[in-house]
Amino acid sequence: MPLSKIAGIGKYVPTNVVTNNDLTKYMDTNDEWIQERTGIKERRYAHRTEETTTTMAVEAAKIAIERAGTTAQDIDFIVFATLSPDYYFPGCGVMVQRAMKMKEIGALDVRNQCSGFLYALSVADQFIKTGMYKNILVIGSEKHSFGLDFTTRGRNISVIFGDGAGAVVLQPTEKEGQGILSTHLHSDGESAEMLAMYNPGTHANHWGAKNYADFDDAEIAQMFMSKKMIDNAQLYPYMDGQAVFKKAVVKFPEVIMEALEKNGLKSSDINMLIPHQANLRISQFVQHKLQLSDDQVYNNIQYYGNTTAASVPIALCEAWENGKIKEGDLVCLAAFGSGFTWASALMNW
Ligand code: UT7
C-alpha cells in the first residue's frame with residue numbers, strides 16, 4: 001500500500017493588512033489586550049467584493065499544483081475545508097472545479113472548522129492509500145471578515161480571525177519512508193454550542209418554546225432567518241473562549257502524543273510541529289507541555305490571526321518556504337476547534 005505525500009503546497013493571503021489599532025475604529029479594544037491574550041499583531045482581510053473563499057483557494061491551489069509538477073486537469077479529486085463558504089450550498093469544492101476548469105471529478109466539502117484541513121487531509125490520504133486517486137487537491141480557505149460582528153459586542157471573537165487559504169496536492173509516494181505515517185481524528189459533540197454559528201440553521205429553538213404547536217405562522221416563517229436574528233447578533237459566531245481554551249490545551253498534546261505513540265516516536269523526534277493557529281498562548285502551552293524547542297514549532301498567528309481551516313496549510317507552506325522544513329523531516333500537524341473536533345497528522349517530509 002503506497003503512502004501519500006504532500007507533493008506541492010501553496011498559500012494565498014489577501015494584501016489588505018488590518019492591525020489591532022485599525023480595529024479600534026469599530027470596537028472598544030486595544031493592541032495591548034489583543035497581543036497579550038492572543039499574540040496577534042495583525043491579520044489580512046479579503047477584498048470585500050472581489051475575493052471570496054473560493055477565489056483565495058484557487059490562488060493557493062494554482063501554486064500547490066504547479067509545485068507538485070502537475071496540472072489542474074490532472075487533479076482527480078478535491079477535498080475542501082471551510083466554515084465560511086461562498087454559498088450556504090453548494091460547497092466550495094465544485095466552485096474550485098469550475099474555476100480551474102477541471103475534469104468532472106469528485107468534489108467533497110468538509111465541515112470541521114479549525115480541524116477541517118486535517119480531516120480533509122485524512123480523507124485524501126485514505127483515497128491515495130487505496131489507490132483510488134493519484135492527485136488530490138486538499139484545500140483550507142476562509143473569508144471570516146465578511147461574517148464577524150465588528151461592534152464591541154463581538155470583540156472577543158472578531159479580533160481573532162483573519163482571511164486566507166492554503167492548499168496541498170497529495171500524491172502516492174515512491175520513496176521508502178516518505179509520506180503521511182498516520183492521521184488521527186476525534187470529536188466530542190457535548191460542547192457543540194460553545195463555539196458555533198447557530199443561524200441560519202434548522203434547529204428551530206430561537207424562542208425557547210418546546211413544541212411546534214407553540215409557534216405561530218409568522219414565527220415559523222422566520223425560523224431560518226429573521227430581522228430579530230440580525231438585531232440580536234444571532235447571525236454571527238458565538239464562542240465561550242475560556243471553555244475552548246481549557247479543552248484545547250488538553251486535547252492538542254493528547255492527539256500529538258497519540259500520533260507519536262502510534263509510530264513508536266517521541267516528541268523530541270519532531271522536527272517541526274505546525275499547530276492550528278488558534279491563539280499563540282495555546283501553541284506556547286502545547287510547546288511547553290511537549291518540551292519542544294522554539295525551532296520545533298512554527299507560529300505565524302501574529303501576522304495572519306486565526307484563519308481556521310486555512311491556518312495549518314498556510315503555516316505549513318510558510319515554514320517550508322522559509323526553509324524550516326526539509327526532506328526527511330518529521331512534521332506533525334495538529335488542530336483543535338469547534339465541534340469540538342481535534343486531529344493530528346504525522347509525516348516524513
Ligand atoms: O480556533 C478556534 C478555537 N478558538 C480558540 O481556540 C479560542 C480559545 N480562547 C481564547 O483564545 C481566549 O479565550 C480569548 C482570546 C478568546 C479571550 O481571552 P480571555 O482571556 O479568555 O478573555 P475573556 O473572554 O475571559 O474576557 C476577559 C475580559 C472581559 O472583560 P471583563 O468582563 O473582565 O471586564 C472581556 O469583555 O476581556 C474583555 N474582552 C476584551 N477587551 C478588549 C474580550 N474581548 C476583548 C477585546 N478587547 N477584543
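Visitor: Which residues of α12 are buried?

Guide: In this predicted model, the buried residues of α12 are Ser-311, Val-312, Pro-313, Ile-314, Ala-315, Leu-316, Cys-317, Glu-318 and Ala-319. Buried here means a relative accessible area under 20%, and because nine of the eleven residues of α12 (residues 311–321) fall in that class, the helix is largely enclosed by the rest of the structure. After the helix comes Gly-323, whose phi is positive, near 75°.

Visitor: How should I read the sheet, and in what order do its strands stand?

Guide: An open sheet is read strand by strand, and in this case five strands follow the order β1-β7-β6-β4-β5, with mixed pairing. The edges are held by β1 (4–12) and β5 (106–110), and since each has a single partner strand, one side of each is left without a neighbour in the sheet. On average, and with direction ignored, neighbouring strands of this sheet are turned by 20° against each other.

Visitor: How many bridges join β6 to β7, and which residue stands opposite Ile-136?

Guide: Strand β6 (residues 136–142) and strand β7 (residues 164–172) run antiparallel and are joined by seven bridges; Ile-136 has Leu-170 of β7 opposite it.

Visitor: Which helices pack on this sheet?

Guide: Among them is α4 (residues 92–99), which touches β4, β5 and β6 and whose direction makes about 130° with that of β4. Another is α5 (residues 116–129), which touches β1, β4, β5, β6 and β7, and its direction makes about 175° with that of β6.

Visitor: Where does Asp-76 lie, and what is the nearest side chain of opposite charge?

Guide: Asp-76 lies in the loop between α3 (53–67) and β4 (77–81). The residue is buried yet has no salt bridge, and the nearest side chain of opposite charge, that of Lys-134, is 6.9 Å away. For a salt bridge, a side-chain nitrogen of Lys or Arg has to be within 4 Å of a carboxyl oxygen of Asp or Glu, so a separation of 6.9 Å does not qualify. The backbone of Lys-134 is another matter, for the side chain of Asp-76 reaches its nitrogen at 2.8 Å. If neighbours within four places in sequence are left aside, the contacts of Asp-76 are Ile-105, Gly-106, Tyr-133, Lys-134, Asn-135 and Ile-136.

Visitor: How many salt bridges does a search of the whole structure find, and which parts of the chain does the pair of Arg-155 and Asp-28 link?

Guide: The search finds twelve salt bridges. In one of them the side chains of Arg-155 and Asp-28 meet at 3.8 Å, N to O. That pair links distant parts of the chain, with Arg-155 in helix α6 (residues 155–158) and Asp-28 in the loop between α1 (20–23) and α2 (31–38), 127 residues apart. Arg-155 is partly exposed, with a relative accessible area of 38%.

Visitor: What separates the partners when both belong to one helix, as with Lys-129 and Asp-125 in α5?

Guide: Lys-129 and Asp-125 are four residues apart in α5, so about one helical turn separates them; their side chains meet at 3.0 Å, N to O, and both residues are buried. Within α9 (residues 241–262), Glu-254 and Lys-251 are three residues apart, and therefore also separated by about one helical turn, with a salt bridge at 2.9 Å, N to O. In that pair Glu-254 is partly exposed, at 40% relative accessible area, whereas Lys-251 is buried, at 15%. Elsewhere, salt bridges that share partners join Lys-11, Arg-67 and Glu-321 into one network.

Visitor: Which backbone features deserve a second look, and where is a cis peptide bond found?

Guide: Most residues other than glycine have a negative phi, and most peptide bonds are trans. One cis bond joins Asn-199 and Pro-200, with omega about -5°, and Pro-200 is in the loop between β9 (195–196) and α7 (217–221). Another joins Gly-339 and Phe-340, with omega about -15°, where Phe-340 lies in the loop between β12 (330–337) and β13 (341–348).

Visitor: Is Gln-291 buried or exposed, and what is its phi?

Guide: Gln-291 counts as exposed, at 72% relative accessibility, and its phi is positive, near 55°, in the loop between α10 (280–289) and α11 (301–304). Ala-233 has a positive phi too, near 60°, but this residue is buried, with a relative accessible area of 16%, and its place is in the loop between α8 (227–231) and β10 (238–239).

Conventions. Residues are numbered from 1 along each chain as its sequence is written. This is a predicted model: local features need pLDDT of at least 70, side-chain atom pairs count only at pLDDT 80 or more; totals for chains, interfaces and linings use all residues. Side-chain values use heavy atoms; hydrogens and water are left out. Helices (H or I, at least four residues) and strands (E, at least two) are DSSP runs, numbered from the N terminus. Buried means under 20% relative accessible area, exposed over 50%, partly exposed in between (1.4 Å probe, protein chains only). Lys and Arg count as positive and Asp and Glu as negative; His and the chain ends are not counted. A polar contact is a pair of N or O atoms within 3.5 Å; within protein, one must be able to donate a hydrogen and the other to accept it, and residues adjacent in sequence count only if both atoms are side-chain atoms. Contact means heavy atoms within 4.5 Å. Two strands pair if DSSP finds at least two bridges between them. Axes are lines fitted to C-alpha atoms, for helices over the stretch in contact, and angles run from 0 to 180 degrees between N-to-C directions.
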